[in-house]
Amino acid sequence: MGAVIFFLLSLNIKKESYQHIADTARSYFEKRLTAQKSNALTLAILLAQNEALKHALLDLDEERGHQILSTSLDVLKRYTFNKDIRAQVIAKDLTIFARSWDKEYSGMPIEGFRKDLSNFKITKPKVSIETGRLLTIKATAPLKTGYKIIGYVEIISFFESLAKALRQEGIEMIALMRDRFLNVATLMRENPQLQGFVVSNTNYNDFVLKRLQEVDLAKLEQDGLLYDGKYLYVAVPMQNSAGEDLGMFVLALDRKSREIFEKFQEKISFFLSFDKSEFANIIDLWEHPQGNFRSVYDRSVLEFLSKNEDEEIKKEFASEAREILRGYTKEELIDIILQKYRRVPIQGEIK
């Protein structure tokens with residue numbers, strides 16, 4: 001009797017341990033995903049401030065639009081952690097005006113497979129996971145002349161970079177889209193499929209995918225986690241901007257990665273949760289592109305300096321920022337500082 005109680009107790013402790021690991025890994029993944037969304041949204045908003053791009057769209061000069069878009073994106077890529085991105089400009093009638101990666105589809109209507117654009121009018125920047133010909137993160141910012149919206153700039157960010165970053169932390173990620181979206185996601189029809197899902201990232205781990213084929217994905221999705229004797233699989237729901245269920249991300253943790261996440265005494269969501277005010281600050285970049293700076297460029301340099309964690313890039317930006325700020329008056333610098341900190345809510349008790 002005592003042995004049975006001990007066995008059940010041990011089983012319960014193991015279950016609680018796996019739940020803790022799953023919660024921690026899920027929080028870490030969501031932090032990574034949100035950072036990628038934030039990065040894409042910032043780039044979309046910066047490109048939406050490009051006056052030459054606006055003029056090219058108004059003049060319907062597709063060749064110049066492609067050149068400006070490609071050149072501008074190449075410059076911005078130098079200062080982002082995610083290099084696997086593309087950009088496109090969509091005209092107000094939801095036809096493609098220009099793409100950074102090709103010239104073949106100018107004038108092609110996209111309304112039929114982009115419900116997120118056609119179902120409602122986009123008046124502010126947005127970022128979400130959306131189906132198109134591929135399942136990707138899409139950040140969209142309106143192009144405006146005065147108060148008039150003339151089109152949209154869109155940054156397309158892929159899941160491959162996210163999977164690569166997670167792999168360096170010992171987590172294998174497989175993005176699974178429900179196969180019913182293949183009528184829209186035509187470029188994914190040759191991707192591996194399993195149990196009603198389509199693998200969306202191309203740099204998946206073959207060994208993990210083979211083991212996952214033997215896992216009951218419906219049960220994994222329902223319970224949120226499942227252990228197959230080697231990997232702990234963690235399910236993270238995937239939704240688009242309309243809250244529609246697109247599928248799920250599956251995180252596979254081996255013994256070593258489980259031990260790392262098990263060491264956290266509290267869910268890391270407590271200190272890794274993404275501050276929602278960050279997205280508000282990004283939207284502010286679109287609504288007030290210069291802020292208290294003299295130009296959008298000046299503000300962009302300081303914004304990237306504050307967000308980037310790469311030491312080499314920070315050195316380059318710090319040098320550029322010093323040159324910029326030396327030309328500002330004392331009053332202008334005070335206005336910049338006040339603008340930054342007046343939006344930060346003060347918390348705590350006055351004693």
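Okay, one term before we start: a nonpolar core here is a set of buried Ala, Val, Leu, Ile, Met, Phe, Trp, Tyr and Cys residues joined through side-chain atoms within 4.5 Å. Keep in mind that what you see up there is a predicted model.

With that term in hand, the largest nonpolar core has 61 residues. The ones with the most contacts inside it are Phe29, Ile129, Ile155, Met173, Phe249 and Leu251. And which helix gives this core its largest share? That's helix 1, with 14 residues. There's also a second, separate core of 18 residues, and Leu194, Val208, Leu226 and Ala235 are among them.

Let me pick out Ile155 from the big core. If you skip its neighbours within four places in sequence, Ile155 is in contact with a whole list of residues, including Ala40, Leu43, Ala44 and Leu47, then Leu73, Ile85 and Ile137. Arg86 and Lys138 are on that list too.

Now the sheets. One is an open sheet of 5 strands, ordered 2-1-5-4-3, with antiparallel pairing. Its edge strands are strand 2, at 96–99, and strand 3, each of which pairs on one side only. From one strand to the next, the twist averages 30°.

At the strand 2 edge, strand 1, residues 85–91, pairs with strand 2 in the antiparallel sense over 3 bridges. Look for Gln88 there: it stands opposite Arg99 in strand 2. Helix 3, residues 62–77, lies across strand 1, strand 2 and strand 5, and runs at about 45° to strand 2.

Over at the other edge, is strand 3 mostly covered or mostly open? Mostly covered: 6 of its 6 residues, 126–131, are buried. Lys126, Ser128 and Glu130 point one way, while Val127, Ile129 and Thr131 point the other way, and all are buried. Strand 3 runs antiparallel to strand 4, residues 135–145, and 6 bridges join the two. A hairpin of 3 residues makes the connection between them, and Glu130 sits opposite Thr136 in strand 4.

Next sheet. This one is open as well, with 6 strands in the order 7-8-6-11-10-9 and antiparallel pairing. Strand 7 (193–194) and strand 9 (225–227) are at the edges with a single partner strand each, so one side of each has no neighbour in the sheet. Strand 9 pairs with strand 10, residues 232–239, antiparallel over 3 bridges, and Leu226 is opposite Tyr233 in strand 10.

Two helices lie across this sheet's strands. Helix 5, residues 160–168, lies across strand 6 and strand 11, at about 150° to strand 6. Helix 8, residues 255–262, lies across strand 6, strand 9, strand 10 and strand 11, at about 95° to strand 11.

Back towards the start of the chain, for helix 2, residues 51–58. Leu53, Lys54, Ala56 and Leu57 are buried in it. Down the helix axis, the buried residues of helix 2 fall within an arc of 160°, so they line one face. Asn50 caps the N-terminal end, with a side-chain oxygen 3.0 Å from the backbone nitrogen of Ala52. Just after helix 2, Leu60 takes a positive phi of about 55°.

Last stop is Glu30, in helix 1, residues 2–47. How exposed is Glu30? Its relative accessible area is 37%, so it counts as partly exposed, between the 20% and 50% cut-offs. The C-alpha atoms of Glu30 and Val236 are 8.5 Å apart, though the two residues are 206 residues apart along the chain.

That's the tour, thanks.

Terms used: Residues are numbered from 1 along each chain as its sequence is written. This is a predicted model: local features need pLDDT of at least 70, side-chain atom pairs count only at pLDDT 80 or more; totals for chains, interfaces and linings use all residues. Side-chain values use heavy atoms; hydrogens and water are left out. Helices (H or I, at least four residues) and strands (E, at least two) are DSSP runs, numbered from the N terminus. Buried means under 20% relative accessible area, exposed over 50%, partly exposed in between (1.4 Å probe, protein chains only). The arc is that of the directions from the helix axis to the C-beta atoms. A polar contact is a pair of N or O atoms within 3.5 Å; within protein, one must be able to donate a hydrogen and the other to accept it, and residues adjacent in sequence count only if both atoms are side-chain atoms. Two strands pair if DSSP finds at least two bridges between them. Contact means heavy atoms within 4.5 Å. Axes are lines fitted to C-alpha atoms, for helices over the stretch in contact, and angles run from 0 to 180 degrees between N-to-C directions.
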